[in-house]
Amino acid sequence: MIKRRKFLKASALLSVPAIFGGGVANAQLCRPTGLRSLGPDGKTGGTEPDSPAVTAYSQPLFIPPQLHDVGVAALNPPIDPNRHQRYEEFEAEKVYEQHITEGVWTYHPELDALTPAQAGQPAGSGSIAWMYDGGINGQPSTPGPTLVARYGEPVFVRRHNDLPTADEVVMPIGYPAISTHLHNAHTASESDGYPMDFATPGEFWEHHYAMYYARNDSNEALASLWYHDHMIDFTATNVYAGLSGMAIFYDDIDSGDENDLNPQALNLPGNMQFGDDGEGNSLGYDISLILHDVRFNAEGNPTYNVFDTDGHLGDLITVNRKVQPYLNVKRRKYRFRIYDGGPSRFYELGLFKTADRDTPLSFDIIANDGNLLEEPFRGATSVIIGPANRNDVIIDFSQFAAGDEIEILNLAEQVNGQGPTGRRLTGNNRMEVLKFIVQEMDEGEVDNSVVPATLRPLPEIPPQEVLDELIHREWVFDHDMGLWTVNGDFMDPSVISAAPKQGSAEVWTFRNAGSSWAHPCHVHFEECQILEWNGKKPTGVLKARKDVMTLGPNDVVKVFYRFDDFVGRYVIHCHNNVHEDNAMMLRWDITPG
Amino acid sequence: MNLRRKFITSLAVAVPSLVMTGVSARANSVLGKKSAFKDCPRGITGPTAHRFPQAIVTDQNKKKAWFYEELIHDKIVLVNFSSVRGEEHYPIVANMVKVQNMIGDRLGKDVFIYTISTDPYHDTPESLKELADAHGAKWQFLTGDPDDMRAILTGFGIRGKINGLSWVGNEKTGRWMTKASRQHPLYIAEAVARLSTGKHHKPFLVDMHSV
């Protein structure tokens with residue numbers, strides 16, 4: 001009985017700080033454990049706690065199945081054509097419904113084992129996640145099922161917010177309202193996933209994708225897109241919570257079928273099969289891989305320091321939301337669509353044999369930001385992507401022997417959310433991403449796919465004297481008074497920062513005013529072609545149509561834009577989503593011409 | 001009341017040596033080694049408690065409070081950052097007064113606004129009171145020991161003496177977001193309504209959805 005009453009009395013006094021006077025007023029008893037950045041290797045020694053250790057390459061890759069067409073009759077209430085620009089012209093042929101729910105997801109079986117009972121599931125069943133349903137077997141997943149669409153076949157998607165309300169939701173980050181943006185789609189404003197077009201729990205939002213080439217020009221075809229949440233102020237956290245999925249657009253040229261007899265068809269690897277058998281075998285040869293770097297707490301759930309406005313860095317790389325998985329591949333060509341799902345990590349991805357991690361292997365790059373290049377970039381030994389960038393690559397595994405193990409490693413050093421340091425990781429500091437295990441092809445199977453010498457021409461850019469006559473605008477990405485700003489301003493949805501006329505063309509300049517940070521700068525609706533990057537004409541993979549200009553420190557990029565087909569509200573923003581959520585976004589409108 | 005008792009009891013567990021020795025040389029020597037206290041148990045915890053130090057702050061009326069435990073825990077808060085000198089160069093208080101007026105009766109009941117001094121070397125309760133009164137600000141302006149204030153500011157990711165970021169948080173749910181302090185006050189008030197739970201929750205104040 002150590003004078004319990006006296007003890008309590010003393011502590012009662014202690015809780016009234018005024019009695020301290022000046023003497024112990026500086027008594028700082030506990031310092032914050034959540035600090036800012038990682039150690040120099042970009043992986044460990046960080047001030048945010050490390051994720052629990054897990055075994056790399058011990059679980060199969062998840063490949064999302066194709067979104068399942070439910071037919072127009074299934075929608076109740078039916079489609080209201082008056083809500084969508086040009087609906088009558090592009091009446092929906094493919095109709096999908098997706099329900100967004102909270103549940104558990106296996107990022108890694110060893111993390112599952114740490115998880116408590118949550119979201120109605122018993123302990124040990126998975127990490128907390130927000131997911132999409134609508135796949136062939138109906139199970140919710142992250143990434144959500146892949147939207148596979150074809151030009152000329154308009155798509156309609158109704159997305160239901162079935163998340164719990166903010167009072168009840170288990171996910172500790174993000175906000176349970178959704179606005180789903182189909183990244184880079186040429187889509188009317190009301191279907192774009194504009195940040196203010198959010199649906200709260202119990203509501204749905206409708207997206208009409210016309211599947212119409214910009215300016216009806218097949219050279220404007222898009223191929224690798226992704227859908228992700230774009231809720232105002234909560235994009236980074238809602239996507240981190242699980243709200244991302246892939247979309248593939250095909251047409252007669254990039255038809256998805258390597259055996260296509262159409263003489264125009266490119267016959268790139270692919271057989272229109274999507275998904276996997278659950279044991280590390282893909283059903284198809286055209287495989288989307290989205291990278292998200294995630295940090296997990298001791299309970300196996302994703303963690304996130306919302307107070308670090310520089311950006312978020314995870315210490316485990318996930319591919320299709322599986323930590324460091326493996327994939328069995330056959331001795332043939334594959335098309336991989338590689339996405340940087342963010343929120344803040346930049347990658348330089350290289351290919352190495354596990355048995356010889358010092359010799360970089362080569363592959364072909366065929367697309368930048370999801371758009372086919374004019375010709376393949378052959379013999380690349382690494383590919384650099386920033387948040388929301390996509391690159392399609394072809395890896396030919398026939399050069400390897402059955403049993404060979406091939407890894408994708410990340411070589412880019414990054415120690416905080418601001419951007420990469422510019423240095424390369426070496427040796428064992430390189431981050432493990434994905435392992436391929438090479439197998440013989442099936443008996444009698446042939447690889448008819450090719451990587452043709454020419455892919456898709458770029459739309460014409462007018463001559464310099466015409467460009468000089470166009471409206472020029474500059475967008476400066478900066479950091480001011482603790483705020484991420486564009487042209488000194490921060491997101492205000494009632495302010496229109498540019499209003500190009502429908503049918504017009506303009507020259508835009510994106511300028512990074514920072515000397516130590518990177519900004520992947522993204523413009524909705526239209527994509528552009530690079531005229532100059534730091535004063536130089538683009539070559540190689542930069543000679544492309546792009547929707548995310550990944551600006552390094554002090555970079556200046558001049559691009560050519562055209563604005564056509566739809567009118568309404570769009571945004572320009574930094575796709576380091578943490579910067580975006582801290583107001584590095586502006587509204588711009590296309591107005592009737 | 002129950003919470004308060006819990007707070008008191010757990011504080012007693014947390015800092016017995018301090019209680020037993022009072023304001024003594026020994027306490028000071030222990031406090032000097034701040035790292036020794038890094039993982040000490042907290043009196044009160046909450047979703048983001050680990051981001052903030054256990055520290056005492058003083059408001060413009062010289063009222064002292066434990067920063068997280070008494071000002072943040074279990075509350076809906078709007079936290080902004082300024083100083084008497086910073087306000088001369090980058091004023092935010094006038095805009096926050098407009099937000100205060102929109103929040104109305106909720107201020108001090110379930111919504112709390114704080115301005116945290118970024119310049120505790122110079123900002124005294126007296127000078128902050130002058131600043132608050134000049135604008136008709138009814139919320140608390142907080143200063144304190146510079147090391148403690150730095151630790152609090154670090155928790156919010158605030159560097160430098162002038163910062164244009166406001167944090168809106170609901171520490172009942174642990175959900176936090178930012179708005180620029182010079183954003184239109186309606187959007188800051190909207191953030192408070194959006195993060196509020198229960199009867200005060202509103203997903204938006206102005207409907208800006210596509211029609």
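**Close-up views of a predicted model**

**View 1. A:Pro77 sits in the loop that runs between helix H1 (4-14) and strand E1 (94-105) of chain A.** In this predicted model, the peptide bond leading from A:Asn76 into A:Pro77 is cis, its omega near 0 degrees. The loop between H1 and E1 of chain A also holds A:Arg86. A:Arg86 is not a glycine, yet has a positive phi of about 60 degrees. With 15 other C-beta atoms within 10 Å, A:Arg86 is partly exposed.

**View 2. A second cis peptide bond joins A:Gly342 to A:Pro343, with omega near 10 degrees.** A:Pro343 belongs to the loop between strand E14 (333-340) and strand E15 (347-353) of chain A. Most peptide bonds are trans.

**View 3. A:Phe525 lies in the loop between strand E26 (519-523) and strand E27 (528-533) of chain A.** Its phi is positive, near 75 degrees, in a residue other than glycine. A:Phe525 counts as buried because 24 C-beta neighbours lie inside 10 Å.

**View 4. Domain 1 (72-439) and domain 2 (464-590) of chain A are in contact.** Contacts link 41 residues of domain 1 of chain A with 34 residues of domain 2 of chain A. On the domain 1 side, helix H3 (235-240), strand E17 (363-368) and strand E18 (371-380) of chain A are the elements that give two or more residues. E18(A) supplies the largest share, four residues. This side of domain 1 of chain A divides into 17 nonpolar, 18 polar and six charged residues. The C-alpha centres of domain 1 of chain A and domain 2 of chain A are 23 Å apart.

Technical notes
Residues numbered from 1 in each chain as written. Chains lettered and ligands numbered in written order. Predicted model: local features only at pLDDT ≥ 70, side-chain atom pairs only at ≥ 80, totals over all residues. Domains from an automatic or database assignment. Contact = placed C-beta atoms within 7 Å. Nonpolar A, V, L, I, M, F, W, Y, C, P; charged D, E, K, R; others polar. Buried ≥ 20, exposed ≤ 12 C-beta atoms within 10 Å, placed from the backbone.
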